[in-house]
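Hi,

Here is the structure I promised to pass on. Have a look at it first, then read my notes below.

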Amino acid sequence: MNKSMSVALLIIGVILLAFGFNAYHSASSDISRFFTGAPSSKALWLMIGGVFVGIVGFLGLVRK
């Protein structure tokens, strides 16, 4: 994997995390937390995807 692709994956991971945190603090997630005790699945999947893609991008940067 070349460095530019790794940087792109790292940036995409950060963007997904930002969208996930934004969705976590949205009104629909607040309602979901009120009734079920858990945030909305959209927020969780965005954060999980962001972490995964970010880790793949970071590992691509630090690997030789």
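**What turned up**

Let's begin with the pair I'd click on. Arg33 is partly exposed, with a relative accessible area of 23%. Its partner is Asp30: the two side chains meet in a salt bridge, 2.2 Å from N to O. Asp30 counts as partly exposed too, at 38% relative accessibility. Both residues sit in helix α2, which covers residues 27-36, and they are three residues apart, about one turn of the helix. A search of the whole structure finds one salt bridge, so you can stop hunting once you have found it. Do keep in mind that this is a predicted model.

Now for helix α1, residues 3-24. Does its length add up, or what should 22 residues span at 1.5 Å a residue? The expected span is 32 Å, and the end C-alpha atoms of α1 are 31 Å apart, which agrees.

Which residues of α1 are buried? They are Ser6, Gly13, Gly20 and Ala23. If you look down the axis of α1, these buried residues fall within an arc of 105°, so they line one face of the helix. What do they pack against? The answer is α2 and α3, the latter being residues 41-62.

Turn α1 around and you get the face that points away from the buried side, where the exposed residues Ser4, Val14 and Asn22 are found. Try colouring the buried set, Ser6, Gly13, Gly20 and Ala23, and then the exposed set, Ser4, Val14 and Asn22.

Cheers

Key:
Residues are numbered from 1 along each chain as its sequence is written. This is a predicted model: local features need pLDDT of at least 70, side-chain atom pairs count only at pLDDT 80 or more; totals for chains, interfaces and linings use all residues. Side-chain values use heavy atoms; hydrogens and water are left out. A salt bridge is a side-chain nitrogen of Lys or Arg within 4 Å of a carboxyl oxygen of Asp or Glu. Helices (H or I, at least four residues) and strands (E, at least two) are DSSP runs, numbered from the N terminus. Buried means under 20% relative accessible area, exposed over 50%, partly exposed in between (1.4 Å probe, protein chains only). The expected span of a helix is 1.5 Å times one less than its number of residues. The arc is that of the directions from the helix axis to the C-beta atoms. Contact means heavy atoms within 4.5 Å.
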